[in-house]
Every structure is written in structure tokens, then in C-alpha cells.
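Student: Could you take me through a close look at one part of this model, and then follow the packing outward from there? I'd enjoy a connected account.

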Amino acid sequence: MLKGLAWIDRGVGEVLKPVVFAGMIGLTGVITLQIVSRVFFTSVGWTEEVARFLLIWITFLGAALAFQQGRHIAVALLRDSLPLTLRRIVSGAGIVVTFTFLVTLAVIGWRYMNMQSYQKSPSLRLSMTYIYAVMPLASAIMAGLSLIDLIRLLTGQAPREAQAELNE
């Protein structure tokens, strides 16, 4: 079971990496087009909206990728100074709190996405459901990853550690 969970964990990272990278490339391209069109031509109206939407998606999916890689900021000085048993209890409590927060955020994000589903973006006339969908999606991904962390902890495995700067 732990091998399957590790496979899912790695798979999430392998999917999110190229998606976030493509979003960054797209954002760079759109902003470049926006600058060039403003300076040399007539401003292209949709670029500001697309850049904003890409930034929202990159932010949430990037947060999920950072969570998967164990790169979110943590002050572990007190926890690491505790005896092993107490350290595991404190780590488990932290994971439970994180999981609860992320599930709550996913539910609220889902409700908000549905509540705003009638709204269209001004320039592209795109349903805002597609923009708001990233909040419950990224929250659910991180909640799933924290559940994997809890299972690891309960089975005696080490908690999620930050990956090396240059993976593999």
C-alpha cells in the first residue's frame, strides 16, 4: 500500500511540474505580447485578463507542487527538539490540522466556484467557473498529499522531506 501511495505522490509531482512550467511560459509570452503591443501597436485587450488568470492558476498549482516537494515554509525547531514519540505526535497533529484546513478550503472553493458560475470574464467572456476551479482542485490535491503523509507517519515512515534542489 505504501508503494502505491508513494507512486501517487510522485505522479502528482510529475503532472504538476510541466503544467506549472507551461503556465509560466504562457504567462511570460502573454506579458511580452502585452508590453510589445502597448509600445509598438494598439494594445491587445485580452492579454491583461489572460495574464491574471494564468497567475491565479500558477499560484495555486505551484503551491500544490511545493507541498508535494515538501518546500512550504515550516518552523520545526521546537518539534525537532522533542523526543521521537512526542515529535511524531506533534507532526501527526500538524498534519491533521493541515488536512482539515485544506478540506475546508476545497469545500469553500467548490461552493464559491458554483456560486460564481454565471459570471463571465469581461474580455474573453470565459465562464469564471474555469478560473475559480483551481482553488478546490489545488486544495484537494494538497489534502490528498497530507493524507498520504498521515498514513506514512502512522506506519512508521519518515514525514515528507524537502527534495534536493536538482531532482534525480
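Tutor: Happy to! Let's begin with the covering of α1: what lies over its buried residues includes α2 (46-68) and α6 (134-154). Keep in mind as we go that this is a predicted model.

Helix α1 itself runs over residues 2-40, which makes 39 residues. From its first C-alpha to its last it reaches 57 Å, close to the 57 Å expected at 1.5 Å a residue. Its buried positions start with Leu5, Asp9, Val12, Gly13 and Leu16, and they go on through Val20, Gly23, Leu27, Val30, Gln34 and Ser37.

One of the covering helices, α6, also packs with α4, at an angle of about 160 degrees and with the two axes 8 Å apart. An angle over 145 degrees counts as roughly antiparallel, so that is how α4 and α6 lie to each other. The crossing in which α4 passes α6 is left-handed.

From α4 we can step on to the aromatic rings. The structure holds two aromatic pairs. One of them joins tyrosine 112 and tyrosine 132: the ring centres are 4.9 Å apart and the planes stand at 75 degrees, so this pair is edge-to-face. Tyrosine 112 belongs to helix α4 (residues 84-115) and tyrosine 132 to helix α5 (residues 129-132), so the pair ties together parts 20 residues apart in sequence. As for accessibility, tyrosine 112 is partly exposed, with a relative accessible area of 34%. Tyrosine 132 is partly exposed as well, at 22%.

Terms used:
Residues numbered from 1 in each chain as written. Predicted model: local features only at pLDDT ≥ 70, side-chain atom pairs only at ≥ 80, totals over all residues. Heavy atoms only, no water. Helix = DSSP H or I, 4+ residues; strand = E, 2+ residues; numbered from the N terminus. Expected span 1.5 Å × (residues − 1). Buried < 20%, exposed > 50% of the residue type's maximum accessible area, 1.4 Å probe, protein only. Contact = heavy atoms within 4.5 Å. Phe/Tyr/Trp six-rings, centres within 6.5 Å; stacked < 30°, edge-to-face > 60°. Axes fitted to C-alpha atoms, helices over the stretch in contact; angles between N-to-C directions. Parallel < 35°, antiparallel > 145°, perpendicular 65-115°, else oblique. Left-handed = near helix turned anticlockwise from the far one by under 90°.
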